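User: Hey, I've got a structure open and I'm a bit lost. Can you walk me through it?

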Amino acid sequence: MNNLIDYIVNILINKKASDILLLDLRRLSPIADYFLIATANSIPHAQTLCDEIELRIKQEFGLLPHHIEGYNPAQWILIDYIDVVIHIFLKEIREFYGLERLWGDAPQKRYAE
């Protein structure tokens with residue numbers, strides 16, 4: 001699992017996502033083991049991040065997402081790999097929904113861009 005998360009984080013960093021945060025939900029929720037949250041600069045940037053993650057994870061791990069939500073209008077894109085759910089937000093949408101606050105008791109790891 002850590003290899004998959006590290007790989008996704010590297011994609012996000014290389015494609016200039018910002019404020020990358022991993023929430024460990026294993027002891028808190030049956031929804032997923034991890035939420036990986038990142039901020040995109042624009043709608044095209046969010047879609048590019050989603051496309052790159054989907055393509056590279058398929059190539060490297062042979063995995064397809066269980067589902068993707070929000071690709072259009074791309075203000076909040078959710079990419080569900082069952083154990084790892086990736087949330088790509090526009091900055092103002094991320095601040096509004098505040099997943100970090102909702103899951104504030106989850107262990108967190110921030111990644112430097």
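**A chat about the fold**

Analyst: Sure, starting with the core: the largest nonpolar core has 40 residues, and I8, L12, L36, I53, I86 and I88 touch the most other members. A nonpolar core is a set of buried Ala, Val, Leu, Ile, Met, Phe, Trp, Tyr and Cys residues joined through side-chain atoms within 4.5 Å. Buried means under 20% relative accessible area, exposed over 50%, and partly exposed in between (1.4 Å probe, protein chains only). At least two residues of this core come from each of α1 (2-14), β1 (18-24), β2 (34-40), α2 (43-61), β4 (76-80) and β5 (84-90). Those helices (H or I, at least four residues) and strands (E, at least two) are DSSP runs, numbered from the N terminus.

User: Where does the model come from, and how should I read the numbers?

Analyst: This is a predicted model, where local features need pLDDT of at least 70 and side-chain atom pairs count only at pLDDT 80 or more, while totals for chains, interfaces and linings use all residues. Residues are numbered from 1 along each chain as its sequence is written, and side-chain values use heavy atoms, with hydrogens and water left out.

User: OK, back to the core. What is L36 in contact with?

Analyst: Skipping neighbours within four places in sequence, L36 is in contact (heavy atoms within 4.5 Å) with I5, I8, V9, L12, I20, L21, L22, V85, I86, H87 and Y111.

User: What order do the strands of the sheet have?

Analyst: The six strands form an open sheet in the order β3-β4-β5-β2-β1-β6, with mixed pairing. The edge strands, β3 (67-69) and β6 (108-111), each pair on one side only. Two strands pair if DSSP finds at least two bridges between them. Strands of a sheet pair through backbone hydrogen bonds, either parallel or antiparallel.

User: Which way does β5 pair with β4, and which way with β2?

Analyst: β4 and β5 pair in the antiparallel sense over five bridges, with I79 opposite I86 and W76 opposite F89. β2 and β5 pair in the parallel sense over seven bridges, and there I37 stands opposite H87.

User: Is β5 mostly covered or open?

Analyst: Mostly covered, with seven of its seven residues buried. V84, I86, I88 and L90 point one way from β5, while V85, H87 and F89 point the other way.

User: And which strands do the helices lie across?

Analyst: α1 lies across β1, β2, β5 and β6, at about 5° to β2. α2 lies across β2, β3, β4 and β5, at about 160° to β5. For these angles, axes are lines fitted to C-alpha atoms, for helices over the stretch in contact, and angles run from 0 to 180 degrees between N-to-C directions.

User: Switching topic: is D24 buried or exposed?

Analyst: D24 counts as buried because its relative accessibility is 15%. The D24 side chain also makes a polar contact with the side chain of R26 (2.5 Å). A polar contact is a pair of N or O atoms within 3.5 Å; within protein, one must be able to donate a hydrogen and the other to accept it, and residues adjacent in sequence count only if both atoms are side-chain atoms.

User: Any odd backbone spots? Where is the cis peptide bond?

Analyst: It joins N72 and P73, with omega about 25°, and P73 is in the loop between β3 and β4. Most residues other than glycine have a negative phi, and most peptide bonds are trans. K16, not a glycine, has a positive phi of about 70°. K16 counts as exposed because its relative accessibility is 59%.
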